[in-house]
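Q: Please give me a close look at a single part of this model, namely its aromatic pairing, and set that part in its surroundings. Kindly state the cut-off behind each term where it is used.

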Amino acid sequence: MRCMIAGVLIASCLGGLVGCAPSDDRPARAPVNVKVTYDGKPVEGAVVTFMIAGTPPPAFGRTDTQGSTQLTTFESGDGAMLGTHTITITKQEFDGVVKDEGSVDGDDYKPSIGFTPPPKVKHTLPKKYALPGTSGLTAEVVSGDNEFTFDLVK
């Protein structure tokens, strides 16, 4: 009887360990849902990135019309790695092209052979949220479901 109880306990412990381990060789991850608002309104099309310093890869997602997204690290919707993350949130639009070699619209436009003018990027959210060093946003991802709301301001 003692052997049977010990066997059940060992099997339970091993089963618990297997149940906590990721189903692949990748780092442990947890589902993360994020909502982004700016001045109280949902932000559509923002790219949210969760990153742990020195531990690639980051997790990311693009917000929908409600300002919500589910993060992905390796596979769609698999979440973010466990730990403390620095967060960046960006939303950019392209506004024409940089006019380094003359105005694209003007007669003086004479680009070098093979030159493709880079697009001019316009940040539609405050630029400070686009950089890890200035965003001021962090989050702790733990086992189980994680939900974060970021209310961005000017």
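A: The account below starts with the whole chain, turns to the aromatic rings, and then considers a buried threonine and the salt bridges.

The model is predicted, so local features need pLDDT of at least 70 and side-chain atom pairs count only at pLDDT 80 or more, while totals for chains, interfaces and linings use all residues. Residues are numbered from 1 along each chain as its sequence is written, and side-chain values use heavy atoms, with hydrogens and water left out.

The protein chain contains two helices and twelve strands (DSSP runs numbered from the N terminus: H or I of at least four residues for helices, E of at least two for strands). Read from the N terminus, the order of elements is α-β-β-β-β-β-β-β-β-β-β-α-β-β. Among contacts (heavy atoms within 4.5 Å) with a separation of 6 or more, 63% join residues 24 or more positions apart. Of the 154 residues, 29% are buried (under 20% relative accessible area, against over 50% for exposed and in between for partly exposed, with a 1.4 Å probe and protein chains only). The accessible surface amounts to about 9900 Å², with 57% of it belonging to carbon and sulfur atoms (Shrake-Rupley method, 1.4 Å probe; for residues, only the protein chains shown count as cover).

Within this fold, a search of the whole structure finds three aromatic pairs (rings of Phe, Tyr and Trp, the last by its six-membered ring, with centres within 6.5 Å; planes under 30 degrees apart are stacked, over 60 edge-to-face, the rest tilted). One of them joins F50 and F150 in an edge-to-face arrangement, with 6.3 Å from centre to centre and 70° between the planes. Because F50 belongs to strand β4 (residues 47–52) and F150 to strand β12 (residues 146–152), this pair ties together parts that are 100 residues apart in sequence. F50 is buried, its relative accessible area being 0%, and F150 is likewise buried, at 8%. F150 also pairs with F148, here in a stacked geometry with a centre-to-centre distance of 6.4 Å and 20° between the planes. F148 is buried as well. Through these ring pairs, F50, F148 and F150 are linked into a cluster.

The strand that holds F50 also supplies contacts to T88, a residue of strand β8 (residues 83–90). T88 is buried, with a relative accessible area of 6%. Beyond its neighbours within four places in sequence, T88 touches V47, V48, T49 and M51, together with Y129, A130, L131 and P132.

Charged side chains provide further links. The search finds two salt bridges in the whole structure (a side-chain nitrogen of Lys or Arg within 4 Å of a carboxyl oxygen of Asp or Glu). In one of them, R26 meets E75 at 3.0 Å, N to O. Since E75 sits in the loop between β6 (68–70) and β7 (80–81), and R26 in the loop between α1 (2–20) and β1 (29–30), the bridge ties together parts 49 residues apart in sequence. Both partners are partly exposed: E75 has a relative accessible area of 45%, and R26 has 32%. R29 and D78 form a salt bridge too, with their closest N and O atoms 3.0 Å apart. As R29 lies in strand β1 and D78 in the loop between β6 and β7, this pair ties together parts that are 49 residues apart in sequence. D78 is buried, with a relative accessible area of 15%.
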